Every structure is written in structure tokens, then in C-alpha cells.
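Me: I would like a close look at one part of this protein model. Please begin with the place where its parts meet and then go on to the surroundings.

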Amino acid sequence: MDISLYIHYPFCLRKCLYCAFNSVEEPPCSPEEYTEALLREMEIRARTMVHECTAVTLYFGGGTPSLLSPSLVGRIVEAAAAHFSLRADAEITLECNPGTVDRQRLGSYRAVGINRLSLGVQSFDDGMLRRLGRIHTSREAIDAFMLAREAGFTNLGIDLIHSLPGQTPAMWERELLRARDLSPEHISVYGLSVEEGTPFAVLEKKGELSLPGEDDYVRMFELSAEVLCSGGFEHYEISNFARPGFRSRHNTGYWKRIPCQGLGAGAHSFMPEPAYGVRYANPEKVEEYLEALENGDLPCSEQRTLSRQEAMAEKMFLGLRMIEGVNLHSFEAEFGLSFQEAYGAACADLFTAGLLETRDGFLRLSPRGLLLSNQVFFRFL
Ligand code: SF4
């Protein structure tokens, strides 16, 4: 069985003001101790797998996994090869904060097997980066990109955020052009969403966060596709653009419901069996995660076996994130009923409103549907 492996490294030098990811500034253990726990978890998970597995992608996310030394990253890559038969041509990605790397470190990551970097640039505007609480400047992000190229990385991604406080469509267009000029293989663009429990949420409640209005948000979303597609990128998922042949294999697996084993505090997993699949998650708190492994237990905090209804809904709202949409033939083959039978009545008005369309056997979001995707996804829940 082909699977994806995800490694969560839940530590950051400083928490960004908008961040709701599972990450903390003060690790309760050393990187070495955390890595030992990851390796222990990997060994137990591999031993208890029902099927023989081959890992086709390995993804280091966080948090800030570029705080892990190259030698520790290398140990995890080696363990993935030993326990999950990591394929020789596997896509091995490391999320990289530009404020944490230099020439030597990037070269060492390449040497231990990382073949794709996802650089968290977020903005090329230093004032905006300070506002977001990022630890790096625009210059450092550009330097990290250049140094990664020199280190031999031929698959580089850049992450940007739009609809930031005080940002206008003209400012966003400049951000896109600067990203495009660097010629990465991949660009992800996310609209800022203010999450409960973050400093940004507090500022918003106090009326101290001047976010762009809806029209500007829409314009920035549209500009992303206009600027990047005219520069040779394919728009392949709501928030993701790639040069031909450089789509993120790991994330595509997620949208296509490929089995994924997550490892580390708060990591999520999906396995296609039993029944219509099972989703489970590790405890988010690092202390709980470590304690479970010290006791020889698997660190599982929740587990849910999917019903046919839930699996069908996932197939729709994950698959529709991709521009190509959902293959209706494969939907019917998997669930034994057609899309029309399952959702025809519930979705009729989405076709009438021009949010959904079918073409060549695929159901997909229309350009307007991409903007209002949450409204469409809600229909499947
Ligand atoms: S670096 Fe990433 S994970 Fe860490 S606080 Fe900032 S946004 Fe969150």
C-alpha cells in the first residue's frame, strides 16, 4: 500500500501573531529527545500496520521543522526508509522558516535527502512581516531562496498570505510579482483567516486590525490566478500553483485521500480501512505525546471510523479543492451510487447558481465556486 508520511515538529522560535497551528515557543524537551520519540512512534506504527507499506512522500511540517538539525532530519529520513520502505524517488519536503537557515544548513538538508523546500516567506514587505510577528525580513527570505538554489534544490515552494491588515490589491499584486520573479516551482497563497485564541483575534475584537473588505479580498484572490497563471504556473488547487510537473505530491495525496501516517505531537492520520476509512490524531500536547511513548503506548488522542456518508462527503469536499475536481466515475465505483443519486437534490441550486459544473466526467468548482468554496463544501457535511 502506498502511503504518505507526515512528521510534525511543534516548536517555533517565536509564535507569529496570526498562528493557530500546533506549535509552542518553549519546548519541554530537547530536539534529540523529541526525535527519539518520533523514531519510537515510527517503529511501532510500522510494526502494527495491517498492510505492507511503501512511503511515496515524506513531509516535515510544523511548527518550524527547519529548527531540527540536518543530522536529526537525516535520522528520520533513514528511519522512514527502514520502516516504511521510503521510495528512492520519494518527494521529501521540509517546511523552512527563512529566519532559521544558512548556506551550510541548507546544503546539509540536501545531503541528508530533503529534495523539496517549502519556504514560509508570507510577505516581501518588512513592515508587514513585523506586523505578523515573523522572525525574518524580506531580504533574509530572498537570501534563503537563493542559497537553497545554490545548495542544489530544484524544487522550491514559496508560501504567501494575502488580505493582511492594511493590504490593498495593488500591494498584493507586487507581492505576487516578486514571488514570480524568483522563479520557484511552487507558490501557495492563502487568505488570512483570523483564528480564535490568537493575538490577531484579540486585536480584531478591539477593532485594532484593519482587514481588507470583501471586494478587496475577492480581487486579491483573483489576482493570484491572473498573475501566476500568466507567469507559467498551473492553478491546480484553490490555494496552490505549480510549474508543470511540480505539484505537491504530498498535499495532492491528502486531497485524494491517499493513506497518510502522521507522526509527532498533534499529527493526524488517515487509513483506508476498516470500513470506509479511519482518521486518528495524536495528542497535541508534547508532554502527553512523550509520556505515551515512554510507557510503550501509541500516542492516540482521538480515532474515528468513517461511515459511508462521511467518506463520500470527504471525497467531495477534499476533491473539489482541486481545480480538476472529482472524477464522477471513480466516485460511483467507490461508493456504489452515482453523484446524482447521492447529492443531486442537495446540490441542484449550486449548479443553478453557477458554483458547480461538470465537464468530461469530472465535477468541479466554477471560477465563482472557487471563491465561495466553503459555501459549497458545507452542502456535503
Ligand atoms: S512559524 Fe509557522 S507554525 Fe511557527 S508560529 Fe509562525 S506561522 Fe505558526
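How many residues of domain 1 are in contact with residues of domain 2?

Reply: Six residues of domain 1 are in contact with six residues of domain 2. On the domain 1 side, the elements that give two or more residues to this contact are α8 (214-229) and β7 (234-237). The largest share, three residues, comes from β7. By class, the residues on this side of domain 1 divide into four nonpolar, one polar and one charged. The model is predicted, and the contacts are to be read in that light.

The domains themselves are given by the assignment as residues 2-253 for domain 1 and residues 309-381 for domain 2. Their C-alpha centres lie 28 Å apart.

The strand pairing within the range of domain 1 can be followed next. Strand β5 (residues 156-162) and strand β6 (residues 186-191) run parallel and are joined by six bridges. Within this pair, Leu160 has Val189 in β6 as its bridge partner. Between the two strands the chain passes through helix α6 (residues 169-181), and the resulting β-α-β crossover is right-handed. Strand β6 also pairs with strand β8 (residues 240-242), here in the antiparallel sense and over three bridges. In this second pairing, Ile187 has Phe241 in β8 as its bridge partner. Thus β6 has a parallel pairing with β5 and an antiparallel pairing with β8.

The ligand has its own set of surrounding residues. These are Cys12, Lys15, Cys16, Cys19, Phe21, Ser23, Gly62, Gly63, Thr64, Asn97 and Gly120. The shell comprises four nonpolar, six polar and one charged residues. Gly62 and Gly63, both members of this shell, are joined by a cis peptide bond with omega near 15°. Gly63 is placed in the loop between β2 (54-62) and α2 (70-84).

A further backbone feature concerns Gln122, a residue of strand β4 (residues 116-122). Its phi is near 70°, a positive value in a residue other than glycine. Is Gln122 buried or exposed? Gln122 is buried, because 26 other C-beta atoms lie within 10 Å, and the threshold for a buried residue is 20 or more.

Beyond the bounds of domain 1, strands β10, β11 and β12 follow. Strand β10 (residues 268-271) runs antiparallel to β11, to which four bridges join it. Met271 has Val278 in β11 as its bridge partner. The two strands form a hairpin with six residues between them. Two backbone features fall in this connection. A cis peptide bond joins Glu273 and Pro274, with omega about 0°, and Pro274 lies in the loop between β10 and β11. Ala275 is found in that loop as well, and its phi is near 50°, a positive value in a residue other than glycine. Ala275 is exposed, because its count of other C-beta atoms within 10 Å is 12, where exposure requires 12 or fewer.

Strand β11 (residues 278-281) includes Ala281. On its pairing with strand β12 (residues 302-305), β11 runs in the antiparallel sense over four bridges, and Arg279 stands opposite Arg304 in β12. Ala281 and Gln303 are 22 residues apart in sequence, yet their C-alpha atoms are 6.6 Å apart in space. Leaving aside residues up to four places away in sequence, Ala281 touches Gly266, His268, Ser301 and Glu302. The residue is partly exposed, with 17 other C-beta atoms within 10 Å.

The last sheet to describe falls within the range of domain 2. Three strands form an open sheet in the order β13-β15-β14, with antiparallel pairing. β13 (326-327) and β14 (356-359) stand at the edges, and each has a single partner strand, so one side of each lacks a neighbour in the sheet. β14 pairs with strand β15 (residues 362-365) in the antiparallel sense over four bridges. In this pair, Arg359 stands opposite Phe362 in β15.

To return to the part you asked about, the contact between the domains involves six residues of domain 1 and six of domain 2, and β7 gives the largest share on the domain 1 side.

Notes
Residues are numbered from 1 along each chain as its sequence is written. This is a predicted model: local features need pLDDT of at least 70, side-chain atom pairs count only at pLDDT 80 or more; totals for chains, interfaces and linings use all residues. Domain bounds come from an automatic or database domain assignment. Two residues are in contact if their C-beta atoms, placed from the backbone, lie within 7 Å. Ala, Val, Leu, Ile, Met, Phe, Trp, Tyr, Cys and Pro count as nonpolar, Asp, Glu, Lys and Arg as charged, and the others, Gly among them, as polar. A residue is near a molecule or strand if its C-beta atom, placed from the backbone, lies within 6 Å of it. Two strands pair if DSSP finds at least two bridges between them. A crossover is right-handed if, with the strands pointing away from the viewer, the path from the first strand over the helix to the second runs clockwise.
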